[in-house]
Structure formats: structure tokens, C-alpha cells
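User: I have a predicted model open and would like a close look at the sheet. Please take me along its strands and then to the core.

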Amino acid sequence: MDFLNPSRLYFSNSIVILRPINEDDIQTLFNWRTDPIINKYLTSPAPKNMQDQRQWFWKYQHDTDSLFFMIRSRALDNIKIGYCLFSKIDGSKGCAEFGIVIGNKDYLHQGFGHKLMPTCMKIAYQYLGIHTLYSNVHSQNLACLTVVQNFIGSEPIIGPHPYRKDNEVLLRLDLSDFEAFEEKILLKNEKWRNILFIEQAEM
Ligand SMILES: CC(C)(COP(=O)(O)OP(=O)(O)OC[C@H]1O[C@@H](n2cnc3c(N)ncnc32)[C@H](O)[C@@H]1OP(=O)(O)O)[C@@H](O)C(=O)NCCC(=O)NCCS
């Protein structure tokens, strides 16, 4: 991600503010990643302890192909509600793996994922130079499948693929698919205009 200016990775729309994760988030990330309700369908192993989490963060800071954003709710006094991640970013091919975690249990299954998936995808397509997003979703993770596959329209990929994780449904969404989704959803409900209007702030 060398081509991205870190001071420009701050985004907002009508509902949330996103910024790159930092050291102050380590404890929150640890709490979320070790919570069995949150990590039920996440295949990457949870950190064993805080030292593990700190090591993960150190590695992440030196990693050039992933980007994690903390998500704060504007309506809820800017509290942290979750994070989204882009990993295995391939700048030359313009693709990345994408995931989202509503880590704050109080806000699970209240429609945040439904609005945040398109928000984060739009950030990737509009600002991060990504043209194709892949998501590995556990086959039992119905909330995630409903949003990514049924609502947004990501296509399942069959067969071996570099982004595939064992026993998960691999979904792909190209920029052109996202544009078609955006057009459709804007015609259906005006509320999406503010959600899909992403502003970039300089910090
Ligand atoms: C998966 C996850 C991101 C979904 O986000 P969420 O905020 O909990 O879920 P939502 O409330 O937005 O959506 C859940 C359901 O309501 C539906 N929904 C919500 N708001 C809606 C609306 N306004 N209109 C229509 N449908 C709506 C969704 O389509 C979905 O349908 P379902 O009942 O068939 O499951 C979240 O549960 C999570 O982070 N879980 C833990 C970590 C995880 O598993 N991450 C996914 C990794 S791929």
C-alpha cells in the first residue's frame, strides 16, 4: 500500500467515521477478537493473550498488504462499533480480500452491517485503487451472506482460488457489479445517497 498516503486514510459518511487502526485500539481489538460471540465464524485464530495481540499489531504495522480501519458511529457519540479490513491487497491487480467485524456486541444485528458493507466497499473502490473485492464467509454466517451475497450481489466463486480459505464461501465483487448495485439501491431508497457519499479527510 505504499502508493496510499497514510494521512488521507480518514473517511466518513452520514453514519460512520473510519480511520486506520492505531496502538490505542489494541485492547479493543483483543476484546473483540477473543469474544466467542464475535469470533464464532472467524477462521483466523484469536489472539491467546495481549502479548499476542501486540505482536500481531507490530507485524501489521510492517505489513504492506493489509489495511484495517476502526469504525466509529457518528450517531452514538463516536463510539467504536467495529472494524473493517482489507488484506492480501494486490496493488498491481487492484484486488483485495475484504471483511467486516461489528465487534461491539450491543450493535450486532441492528442493521449496521447492512449499511457498513457498502460503505467500506465504496471506500475501497473510490479511494484505495481496488477494482475487485473478495470475501471469505463461513457458510453458517447467514447475516454476512445475506448482506454480501443476496443484498449487494457478490458472486460465489467455485474451485481453487488464491483468496480461498478452507470451508468458506468465497465471494467476489467487481467495481462494475458494485456500480450496478449502487445505481439500483439509489433508485430504491434515497437514504443510500448519504451513506454512499464518502468524504475523505486529511489528518
Ligand atoms: C456479519 C456482520 C458484519 C453483520 O452485521 P450486523 O450489523 O450484525 O447485521 P445486520 O443487522 O446489518 O444484518 C443482519 C440481517 O438483517 C438484514 N437487514 C438489516 N437491515 C436491513 C434493512 N434495512 N433492510 C433489509 N435487510 C436488512 C440483513 O440483510 C441480514 O439478514 P438476515 O436476518 O437474513 O441475517 C456482524 O454480525 C458481525 O460482525 N459478526 C461478527 C464477525 C463476523 O462474523 N464478521 C463477518 C466476517 S465475513
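Analyst: Nine strands make up an open sheet, ordered β7-β8-β6-β5-β4-β3-β2-β1-β9, with mixed pairing. Its edges are β7 (155-156) and β9 (199-201), each of which pairs on one side only. In general, sheet strands pair through backbone hydrogen bonds, parallel or antiparallel. The model is a predicted one.

Take β3 and β4. Strand β3 covers residues 67-73, strand β4 residues 80-90, and six bridges hold this antiparallel pair. Arg72 has Lys80 of β4 as its bridge partner. The hairpin of β3 and β4 has six residues between the strands, and Asp77 there takes a positive phi near 55°.

Next comes β5, residues 95-101. It runs antiparallel to β4, and six bridges join the two. One position to find on screen is Cys84, which stands opposite Ile100 in β5. The β4-β5 hairpin has four residues between its strands. Gly94 sits in that turn, with a positive phi of about 70°.

Further along, β6 (residues 132-138) and β8 (residues 168-174) are antiparallel too, paired over seven bridges. Here Thr132 stands opposite Asp174 in β8.

Now the core. Nonpolar side chains tend to be buried together in soluble globular proteins. The largest nonpolar core in this model has 47 residues. Ile71, Cys120, Met121 and Ala124 have the most contacts inside this core. Helix α4, residues 112-127, gives the most to this core: eight residues.

Ile71 lies within the residue range of β3. Beyond its neighbours within four places in sequence, Ile71 contacts Val16, Leu18, Ile81, Gly82, Tyr83, Cys84 and Leu116. Cys84 is thus a residue to revisit: it is in contact with Ile71 and stands opposite Ile100. Leu116, another contact of Ile71, is buried in α4.

α4 itself has 16 residues and reaches 21 Å from first to last C-alpha, close to the expected 22 Å. Its buried residues include Phe112, Leu116, Cys120, Met121 and Ala124. Thr119 and Pro118 of α4 are buried as well. After the helix comes Gly129, with a positive phi near 70°.

Step back to the whole chain. It has seven helices and nine strands. Its radius of gyration is 16 Å, close to the 17 Å from the globule rule for 203 residues, so the chain is as compact as a globular protein of that length. Buried residues are 31% of the 203. Of the contacts with a separation of 6 or more, 60% link residues 24 or more positions apart.

Conventions
Residues are numbered from 1 along each chain as its sequence is written. This is a predicted model: local features need pLDDT of at least 70, side-chain atom pairs count only at pLDDT 80 or more; totals for chains, interfaces and linings use all residues. Two strands pair if DSSP finds at least two bridges between them. The radius of gyration is taken over C-alpha atoms; the globule rule is 2.2 Å times the number of residues to the power 0.38. A residue is buried if 20 or more other C-beta atoms lie within 10 Å of its own, exposed if 12 or fewer, and partly exposed in between; C-beta atoms are placed from the backbone. Two residues are in contact if their C-beta atoms, placed from the backbone, lie within 7 Å. A nonpolar core is a set of buried Ala, Val, Leu, Ile, Met, Phe, Trp, Tyr and Cys residues joined through C-beta atoms within 7 Å. The expected span of a helix is 1.5 Å times one less than its number of residues.
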